[in-house]
There are 2 protein chains.
Amino acid sequence: MAAVDGLIRRHMDSPVPVIPALAEHLISGSAKRLRPLLTVAAARLAGARDDACLKLAAAVEFIHTATLLHDDVVDSSQLRRGRVAAHLIWGAPSSVLVGDFLFARAFELMVGANSMPALEILARASRVIAEGEVLQLTRSHDLDLTEALYIDIIRAKTAELFAAAAEAGAVSAGAPPERRRALRKYGQDLGLAFQLVDDALDYSGESDELGKNPGDDFREGKATLPLLLAIARTGPAEREFWLRTVDRREQADGDFERVRELMRQTGALQDTLDRAQAYAESAKAALAEFPAIGWRPALEDLADFAVARKA
Amino acid sequence: MAAVDGLIRRHMDSPVPVIPALAEHLISGSAKRLRPLLTVAAARLAGARDDACLKLAAAVEFIHTATLLHDDVVDSSQLRRGRVAAHLIWGAPSSVLVGDFLFARAFELMVGANSMPALEILARASRVIAEGEVLQLTRSHDLDLTEALYIDIIRAKTAELFAAAAEAGAVSAGAPPERRRALRKYGQDLGLAFQLVDDALDYSGESDELGKNPGDDFREGKATLPLLLAIARTGPAEREFWLRTVDRREQADGDFERVRELMRQTGALQDTLDRAQAYAESAKAALAEFPAIGWRPALEDLADFAVARKA
């Protein structure tokens, strides 16, 4: 991963002054580098003998960083990775354009890795992520969003990059189709678990651990699973409360605490975490055909970490 | 070009409702499809016998459309291609995300064309364009921007895609290095001529012909060549006028008309057009080694059109 970090640092450079400063701000935040780790781990598990996966891993982190920059503009977020969101320092226009820069750099890195199948996987993933983001944007205040459609949204906007990161690593190592599918499945289920825990933490976490403010999703009226479950389970009695706070986003002091209490009473938070745990188990099961040594236990631990984490 | 349009229409589709509507709005505007035409013409001139260039041409138009969507958000533009700018209808967040969708689609199309060298050219161009946009954003109100730096900016933000469009077409046809370089040079000089004429039209054009409002660049305080020449040539006498209208952007009725008058007096507009003409001549000269039949005269006419056009 140190080699991946070296590639990331070299390729975020540019003679245009704002670009490296803004990229550095985000890339040096409290990032977990989960997605590039997936690429490298999948490649090694699939028997990679060269370092093409390192360039793909750096490309995956650049795609992720570009989407974070654009997301924060779209959501007007205040904090990201424990730092003030870039658009609040350099302005939304710079965030949009530096996101474009990083996205293009990702494709330059992929060309360097010289694998057309990996390029296809990551180009498709980039498109699916954008579709998921638009879908979330247009449906985000919908109180009656079904759980199935919500899972479709996070499968596109989050899990697709985890799936593609793992699959691209496998493909770059010349893995046969069934191993490629197994690693893609691992990545996708890990991504779903990861996003569901993110959604839960936005209601249960503490800001000093999170690196962002809890309650952001609620303040933005973003329909995530814990909220959808709480809305469905509180019935007509709370309908007016949800219409006011989520649909019309007219929020007052104490509303967020009331939502947390309703989530506890209805088990909405615990059920979200239970679903995340189930996806993590499914992710681990996808690795069954690999030998139970080396990278396989590491990826199993990663799935457990995705659920157990506090930030 | 009808085949390219067919590809464009098929690939801008998505099950997410906002995406095709927003993409259609922009792509069906009064677009000239100059850049994809360059790709097809360069490929044919270089002797292409298959249709790989059509996918590359559609990809080029998608990259261009994505940058237009993001540009209009960055500049808060009102009109584009004769229509209300997309971000004013669907909101800036949708424009940012649909831009990302089109950019990713471009790379999916390139993968379909199956030419790693063409992918490298267009990935690099996408990155250079983003760098040019950031450079323009950070220097756009600089009254003392030199002509050389201004040419560097438009070479990156505009001419690079023209250059890459032509070069990618040449490469996909298996052109030898000297023909590839010649077509790249043609594209780059055509792009510079095209942008300089755009800059001049923003002061001399009529809105019903332009498909956007003349004076946009001035209102945004954007330092383009006609403005830079007028500022340099009017000297200390007008310094306070420029500081107020361009640097501080405090503009009043009659200011735009005064600028047009100063541009006439100083010859700033005519000199901008003369420089455009010189680049168009240089573009045509780059084609010298191709036989003077078929696509070569067509590309020569295109260079003349780039300068003579009124919109």
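Q: Buried means under 20% relative accessible area, exposed over 50%, and partly exposed in between; what makes K284(B) count as buried?

A: In this predicted model, K284(B) has a relative accessible area of 16%, and because that value falls under the 20% limit, the residue is classed as buried.

Q: How do you know that D304(B) and K284(B) form a salt bridge, and which elements does it link?

A: The nitrogen-to-oxygen separation of the two side chains is 2.7 Å, which is within the 4 Å cut-off and therefore qualifies as a salt bridge. The pair links distant parts of the chain, with D304(B) in helix α16 (residues 295-308) of chain B and K284(B) in helix α15 (residues 268-285) of chain B, 20 residues apart. D304(B) is at 33% relative accessibility, so by the same scale it counts as partly exposed.

Q: What makes R275(A) and E147(A) a salt bridge, and why are these residues not called buried?

A: Their side chains meet at 2.4 Å, N to O, and since the limit is 4 Å the pair meets the rule. This contact links distant parts of the chain, R275(A) lying in helix α15 (residues 268-285) of chain A and E147(A) in helix α8 (residues 147-172) of chain A, 128 residues apart. R275(A) has 25% relative accessibility and E147(A) 30%; because buried requires under 20% and exposed over 50%, each is partly exposed.

Q: Why is R35(B) said to have no salt bridge?

A: The nearest side chain of opposite charge, E61(B), is 5.5 Å away from this buried residue, and because a salt bridge needs a separation within 4 Å, R35(B) has none. R35(B) sits in helix α3 (residues 34-45) of chain B and, leaving aside neighbours within four places in sequence, is in contact with V60(B), H64(B), L161(B), F162(B), A165(B) and F194(B).

Q: How do you know that E108(A) and R127(B) are a salt bridge, and what does the pair join?

A: Their closest N and O atoms are 2.8 Å apart, within the 4 Å that the rule allows, so the pair is counted. The structure holds 60 salt bridges over all chains; in this one, E108(A) belongs to helix α6 (residues 92-113) of chain A and R127(B) to helix α7 of chain B, so the pair joins two chains. Both E108(A) and R127(B) are buried, and across the interface of chain B and chain A the rule finds two salt bridges.

Q: What makes up the side of chain B that touches chain A?

A: Helices α2 (18-27), α4 (52-75), α6 (92-113) and α7 (116-139) of chain B each supply at least two residues, and α7(B) gives the most, with 14 residues. By class, this side has 21 nonpolar, seven polar and eight charged residues.

Q: How many residues are in contact, and how much area is buried between chain B and chain A?

A: In contact are 36 residues of chain B and 36 residues of chain A. The area buried between them is about 3,300 Å², of which carbon and sulfur atoms give 81%. On the chain B side, L97(B), M116(B) and R127(B) lose the most area to chain A, together 19% of what that side buries.

Key:
Residues numbered from 1 in each chain as written. Chains lettered and ligands numbered in written order. Predicted model: local features only at pLDDT ≥ 70, side-chain atom pairs only at ≥ 80, totals over all residues. Heavy atoms only, no water. Contact = heavy atoms within 4.5 Å. Buried area = accessible area lost by both parts, 1.4 Å probe. Helix = DSSP H or I, 4+ residues; strand = E, 2+ residues; numbered from the N terminus. Nonpolar A, V, L, I, M, F, W, Y, C, P; charged D, E, K, R; others polar. Buried < 20%, exposed > 50% of the residue type's maximum accessible area, 1.4 Å probe, protein only. Lys, Arg positive; Asp, Glu negative; His and termini not counted.
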